[in-house]
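Welcome! Here are a few short exercises to work through with the structure beside you. Try each task before reading its solution.

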Amino acid sequence: MSTVIDERLQDFDFDAVLSNKLPTSAKRAQVDEPLLSDLLALEYTNLGVGTIEAEVTLQAQHCRSSPLGYILHGGASLAMAENIAGFGSMLLCHALGYKNLTPVGVSVTANHISMALYRERLLIKATAIQQGHTLHVWNIDLLHSSNGSLVSSVRVTNALIEPRQPRPKESQA
């Protein structure tokens, strides 16, 4: 990551979030296998409150076969967009003082405009277009880094949820 563009994020633990090494809780066990966010291999280049830029070089895990060769899988585009929007909502919650809220994706829609090929580099630009107390809406554009043309445009809506209270244990009869 090269640049943090908002002073409200200076105390945010980027390394813990990006390395998936968040504190272990009773409800969340440590995972020894790669998470989807690891497999996506996103490189965050600019992080701000309501704006994120990342880059990715397309690898096998991002692609599907086609008569033209290996091309970016539409589902991988959606996974990248939802991952970035979720991270962006975490940053927004932190900066706006909602540190106890957890963003969860509730809607993802996309328009795939052009193909991207295996080993091609993409630039991903995300902008929060709604920064509410209960919902964040993000626009994420995946662009060819060589010429800036649009590959996919994705809209992600994240709900912000409060921690759940433990359910009372049912008595055993």
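**Exercise 1.** Does His 62 count as buried or exposed, and why?

*Solution.* Keep in mind that this is a predicted model. Step one: take the relative accessibility of His 62, which is 0%. Step two: compare that value with the cut-off, since buried means under 20% relative accessible area. His 62 therefore counts as buried.

**Exercise 2.** Find where His 62 is placed in the chain.

*Solution.* Begin with the whole chain, which has 3 helices and 9 strands. Along the sequence they follow the pattern β-α-α-β-β-β-β-α-β-β-β-β. Now look at β3 (51–57) and β4 (63–66): His 62 sits in the loop between these two strands.

**Exercise 3.** Work out which backbone atoms the side chain of His 62 approaches.

*Solution.* First, go to Leu 40: its backbone oxygen is 2.7 Å from the side chain of His 62. Next, turn to Gln 59, whose backbone nitrogen lies 2.8 Å from a polar atom of the His 62 side chain. Both distances can be checked against the polar-contact limit, within 3.5 Å.

**Exercise 4.** List the contacts of His 62, leaving aside its neighbours within four places in sequence.

*Solution.* Start with the lower numbers: Leu 39, Leu 40, Val 56 and Thr 57 are among the contacts. Then move up the sequence to add Ile 71, Leu 72, His 73, Ala 76 and Met 80.

**Exercise 5.** What percentage of the chain's residues is buried?

*Solution.* The chain has 173 residues, and buried ones make up 39% of them. As shown in the opening exercise, His 62 counts as buried too.

Conventions: Residues are numbered from 1 along each chain as its sequence is written. This is a predicted model: local features need pLDDT of at least 70, side-chain atom pairs count only at pLDDT 80 or more; totals for chains, interfaces and linings use all residues. Side-chain values use heavy atoms; hydrogens and water are left out. Helices (H or I, at least four residues) and strands (E, at least two) are DSSP runs, numbered from the N terminus. Buried means under 20% relative accessible area, exposed over 50%, partly exposed in between (1.4 Å probe, protein chains only). A polar contact is a pair of N or O atoms within 3.5 Å; within protein, one must be able to donate a hydrogen and the other to accept it, and residues adjacent in sequence count only if both atoms are side-chain atoms. Contact means heavy atoms within 4.5 Å.
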